[in-house]
Amino acid sequence: RKFPALVTCTVIDWFQPWPDDALMKVGQNFIADMDLGDDIIRSGIEKFLPFSFLTVNEEAKRFKRIERRHVYTTPKSYLELLKLYRELLEHKRSSADQAITRLGDGLQKLKETSDAVVRIEELLKISLEEAEEKKTVAEGIAETVSKEKASLRSRRKRARSRPPRWRRRKLRCRYSRRRSPKTSRRPSRPSRRPWPR
């Protein structure tokens, strides 16, 4: 009575629930440009989208009966569901592509590492063979050096046991004096001439 214009100029839109065929058609049109694989997968997804929306509506009625609280679902909710499905699919595909790229890079690195290990093993075999050859050469050199060292030691011992050369000369002189007493006398020195006065 106080606000008659509010009642006379108001248009009420009654939203009726969409039938299954309408939900199916909207879902098919929404995901028509998406790459979903073969026809079996596409038909399964097209049937699942309206089924999930209708299941939510039934659960909303059950929730109202038990908890006495309203949960409203409208056609806009169904469109939001389709939009969310597209965004989630794109996100999952991008993350899967990143994981595939990362795994491919990891496999490439493992292959390069295995090739490097094979090359290092070959170089190690060659270096071990060279080291064995050098070891045999070094053992031969060490053997000759040890022989020369032993001969030098024996020479040193002989040299230490013999007296030095000046000592040998002195001893020879003594032996020769003892054997020949005539030659042991010293020759007389010539008389010094007096200095002129």
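This report walks through the fold, the largest pocket, the ring contacts and one unusual loop residue of a predicted model.

**Overall fold**

The protein chain has six helices and zero strands. Read from the N terminus, its elements run α-α-α-α-α-α. The chain has 197 residues, and 9% of them count as buried. Contacts can also be sorted by separation along the sequence. Among those in the protein chain with a separation of 6 or more, 58% join residues 24 or more positions apart.

**The largest pocket**

The largest pocket holds about 540 Å³ of space. It is lined by 18 residues, and those closest to its centre are Asn 57, Lys 61, Val 71, Tyr 72 and Thr 73. Which helix gives the most to the lining of this pocket? Helix H3, residues 39-67, does so, with seven residues. By class, the lining has nine nonpolar residues, five polar ones and four charged ones.

**Rings and a charge**

Helix H3 also carries a pair of aromatic rings. The structure holds two aromatic pairs. One of them joins Phe 48 and Phe 51: the ring centres are 6.5 Å apart and the planes meet at 45°, so this pair is tilted. Tilted pairs have planes that are neither under 30 degrees nor over 60 degrees apart. Why are these two residues about one helical turn apart? Phe 48 and Phe 51 are three residues apart in helix H3, and therefore about one helical turn separates them. Is Phe 51 buried or exposed? Its relative accessibility is 53%, so Phe 51 counts as exposed; the cut-off for that class is over 50%.

Another ring, that of Phe 30, has a charged partner. Arg 86 lies over the face of Phe 30, at 5.0 Å from the ring centre.

The two ring contacts described here are set out below.

| Contact | Residues | Distance |
|---|---|---|
| Aromatic pair, tilted | Phe 48 and Phe 51 | 6.5 Å between ring centres |
| Charge over a ring face | Arg 86 and Phe 30 | 5.0 Å from the ring centre |

**A loop residue with positive phi**

Next comes the loop that follows H3. Arg 68 is found in the loop between H3 and helix H4, which spans 75-161. What is notable about the phi of Arg 68? Its phi is positive, at about 60°, although Arg 68 is not a glycine. Most residues other than glycine have a negative phi. Arg 68 has a relative accessibility of 73%, so it counts as exposed.

Note on methods:
Residues are numbered from 1 along each chain as its sequence is written. This is a predicted model: local features need pLDDT of at least 70, side-chain atom pairs count only at pLDDT 80 or more; totals for chains, interfaces and linings use all residues. Side-chain values use heavy atoms; hydrogens and water are left out. On a 1 Å grid over the protein atoms alone, a cavity is a set of points where a 1.4 Å probe fits but cannot get out, and a pocket is an open set with protein on both sides within 12 Å along at least five of seven lines; lining residues have an atom within 4 Å of a point. Grid points are joined across faces, edges and corners, and a volume is the space filled by probe spheres set on the points. Helices (H or I, at least four residues) and strands (E, at least two) are DSSP runs, numbered from the N terminus. Ala, Val, Leu, Ile, Met, Phe, Trp, Tyr, Cys and Pro count as nonpolar, Asp, Glu, Lys and Arg as charged, and the others, Gly among them, as polar. Rings of Phe, Tyr and Trp (its six-membered ring) pair if their centres lie within 6.5 Å; planes under 30 degrees apart count as stacked, over 60 as edge-to-face and the rest as tilted. Buried means under 20% relative accessible area, exposed over 50%, partly exposed in between (1.4 Å probe, protein chains only). A charge sits over a ring if NZ of Lys or CZ of Arg is within 6 Å of the ring centre and within 35 degrees of the ring normal. Contact means heavy atoms within 4.5 Å.
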